[in-house]
Amino acid sequence: EHLKLEDVLWAHSLSLNSNQSLERILEQSSRLSASDLPWVDHLIDLYVRAKMERQVMDYDDLLSYWYLLLTMPDESEAISGLFDAIFVDEYQDVCPLQALIVDGMARPHANLTVVGDDCQSIYGFRGADIGAIMSFGERYPNHRRLLLQSNYRSSPEIVALANRSIAHNIDQYKKTLASARGSGPKPALVD
């Protein structure tokens, strides 16, 4: 069986973004197996060398090198000092590497605002993890949490269904959404 290049690149990207070893990614993958590790390692090494020879970066490199700069005291101070405040939207969809970058950028002043909905994380395939939003209060003990519970798009019937669905989430900030719209048709299952 042949390895697909997109699967190898996916595994490499997920490993970088989720701060997990490539071996762990392959063990959990349905696309590749742990026995593919030698070949995957070899192909990733070729890919990394080709990028260096061409002096190009991909999106994962931009994140990885940004974080690397933030681990160097002089560079971190220079970069973080450019900003008085940091604002991150869709924070529920940051991956662990992005969360480390945000924390590094905010370290000097802790003037950080994030907006996100712990019940709407959709970028798990890129390594997004609601752990960053769920542990925000631990990392920033002086934070203030504002719950936005008014829904302006959906009818009360849809919002009630959403409330019943998200009530089963194990990790979440407890909230009850309320519709600001008038009544509408009841949700229906359509085959």
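These are my notebook entries on helix packing and pockets in a predicted model.

**Entry 1: α1 against α4**

I started with helix α1, residues 5-18, and helix α4, residues 59-70. Their axes come within 10 Å and cross at roughly 25°. Angles under 35 degrees count as roughly parallel, so α1 is roughly parallel to α4. I also looked up the handedness, and the crossing of α1 and α4 is left-handed.

Which residues in α1 and α4 meet? On the α1 side I found S13, L16 and N17, and on the α4 side D60, L63 and S64. Sorted by class, this contact has two nonpolar, three polar and one charged residues.

**Entry 2: α1 against α3**

Next I checked α1 with α3. These two pack at an angle of about 80°, and their axes are 10 Å apart. Since 65 to 115 degrees counts as roughly perpendicular, α1 and α3 are roughly perpendicular to each other.

I then listed who touches whom. V8, L9 and H12 of α1 meet V40, L43, I44, Y47 and V48 of α3. The class split for this contact is seven nonpolar, one polar and no charged residues.

**Entry 3: the second largest pocket**

I moved on to empty space. Rolling a probe the size of a water molecule over the atoms shows where such space is left. The second largest pocket has a volume of about 210 Å³.

What lines the second largest pocket? I wrote down H12, L16, V48, K51, M52, V56, M57, D61, S64 and Y65. The elements giving two or more residues to this lining are α1, α3 (37-54) and α4, so I was back with the helices of my earlier entries. Some residues were already in my notes: H12 and V48 are in the α1 and α3 contact, while L16 and S64 are in the α1 and α4 contact. By class, the lining of the second largest pocket divides into six nonpolar, two polar and two charged residues.

**Entry 4: the largest pocket**

I saved the largest pocket for the end. Its volume is about 1,200 Å³. I counted 38 residues in its lining, and the closest to the pocket centre are V115, G116, D117, L146 and L148.

Which elements give two or more residues to the lining of the largest pocket? They are β2 (112-114), α8 (136-139), β3 (150-151) and α9 (156-166). Helix α9 gives the largest share, four residues. The lining of the largest pocket divides into 18 nonpolar, twelve polar and eight charged residues.

Terms used. Residues are numbered from 1 along each chain as its sequence is written. This is a predicted model: local features need pLDDT of at least 70, side-chain atom pairs count only at pLDDT 80 or more; totals for chains, interfaces and linings use all residues. Side-chain values use heavy atoms; hydrogens and water are left out. Axes are lines fitted to C-alpha atoms, for helices over the stretch in contact, and angles run from 0 to 180 degrees between N-to-C directions. Angles under 35 degrees count as roughly parallel, over 145 as roughly antiparallel, 65 to 115 as roughly perpendicular and the rest as oblique. A crossing is left-handed if the near helix is turned anticlockwise from the far one by less than a right angle, and right-handed if clockwise. Contact means heavy atoms within 4.5 Å. Ala, Val, Leu, Ile, Met, Phe, Trp, Tyr, Cys and Pro count as nonpolar, Asp, Glu, Lys and Arg as charged, and the others, Gly among them, as polar. On a 1 Å grid over the protein atoms alone, a cavity is a set of points where a 1.4 Å probe fits but cannot get out, and a pocket is an open set with protein on both sides within 12 Å along at least five of seven lines; lining residues have an atom within 4 Å of a point. Grid points are joined across faces, edges and corners, and a volume is the space filled by probe spheres set on the points.
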